Amino acid sequence: MKATVSRKAHFNAAHRLYRKDWSFEKNDAVFGKCNNPNFHGHNYELIVSITGEIDKETGYVIDIKILKDIIKTEVEDIFDHKNLNVEVPEFKDLNPTAENIAVVIYNKIKPKLASYLELEITLFETPRNFVTYSGK
Ligand SMILES: Nc1nc2c(c(=O)[nH]1)N=C([C@H](O)[C@H](O)COP(=O)(O)OP(=O)(O)OP(=O)(O)O)CN2
Ligand SMILES: [Zn+2]
């Protein structure tokens, strides 16, 4: 019997959407106000969902305390109150769009889980804009 266990988390971060190999004009045309050289911020809301068999003895798919600790170490401690472009090495040459942030979070959390567990990341950049990534 399979179930999905989810944990919500939150981080606040600044970013700028642009490509270093494009002119300011091209970045402005594609990314608009998100290309502000002085950056801008979001209150990101994260949902980490783990799917797997319910253990017959414990009744758990995964102990949520363990998931909470993984999210703190791999996401909150690294992203919260940071400038993603400047302070998070994964975004040195990767545009910190919601899509790419979700992929980076997936790639940081996945190795910390037992290999038989499935992972899905849902990241809200604003209350109305969100992306989902599950490694496909
Ligand atoms: N596919 C994507 N499109 C956009 C992304 C993204 O990450 N992926 N990001 C941005 C900007 O960074 C920014 O997030 C847009 O914010 P904002 O302009 O505030 O968004 P809304 O106008 O939709 O604000 P609401 O409050 O949600 O109405 C742009 N595009
Ligand atoms: Zn933004």
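Hi everyone, let me start with a definition: two strands count as paired if DSSP finds at least two bridges between them. Keep that in mind for this one, which is a predicted model.

Let's begin with strand S1, residues 2-15, and strand S3, residues 82-83. These two pair in the parallel sense, over two bridges. If you want a spot to click on, Ala14 stands opposite Asn83 in S3.

S1 has another pairing too, with strand S2, residues 40-53; here the sense is antiparallel, and there are 14 bridges. To find the register, look at Ser6, whose bridge partner in S2 is Ser49.

Now over to the helices. How do H2 and H4 cross? Helix H2 covers residues 64-79 and helix H4 covers residues 98-109; their axes come within 10 Å and cross at roughly 130°. Angles over 145 degrees would count as roughly antiparallel, so with this angle H2 is oblique to H4. The crossing of H2 past H4 is right-handed. On the H2 side, the contact is made by Ile70, Glu74 and Val75, and on the H4 side by Ile105, Lys108 and Ile109. Sorted by type, the residues of that contact are four nonpolar and two charged, with no polar ones.

Last stop, the ligand, which I know some of you have been waiting for. Which residues surround ligand 1? Going along the sequence, we have Leu17, Cys34, His42, Thr97, Ala98, Glu99, Glu125, Thr126, Arg128 and Asn129. That shell is a mix: three nonpolar, four polar and three charged residues.

That's my tour, thanks for listening!

Key:
Residues numbered from 1 in each chain as written. Chains lettered and ligands numbered in written order. Predicted model: local features only at pLDDT ≥ 70, side-chain atom pairs only at ≥ 80, totals over all residues. Near = placed C-beta within 6 Å. Nonpolar A, V, L, I, M, F, W, Y, C, P; charged D, E, K, R; others polar. Helix = DSSP H or I, 4+ residues; strand = E, 2+ residues; numbered from the N terminus. Axes fitted to C-alpha atoms, helices over the stretch in contact; angles between N-to-C directions. Parallel < 35°, antiparallel > 145°, perpendicular 65-115°, else oblique. Left-handed = near helix turned anticlockwise from the far one by under 90°. Contact = placed C-beta atoms within 7 Å.
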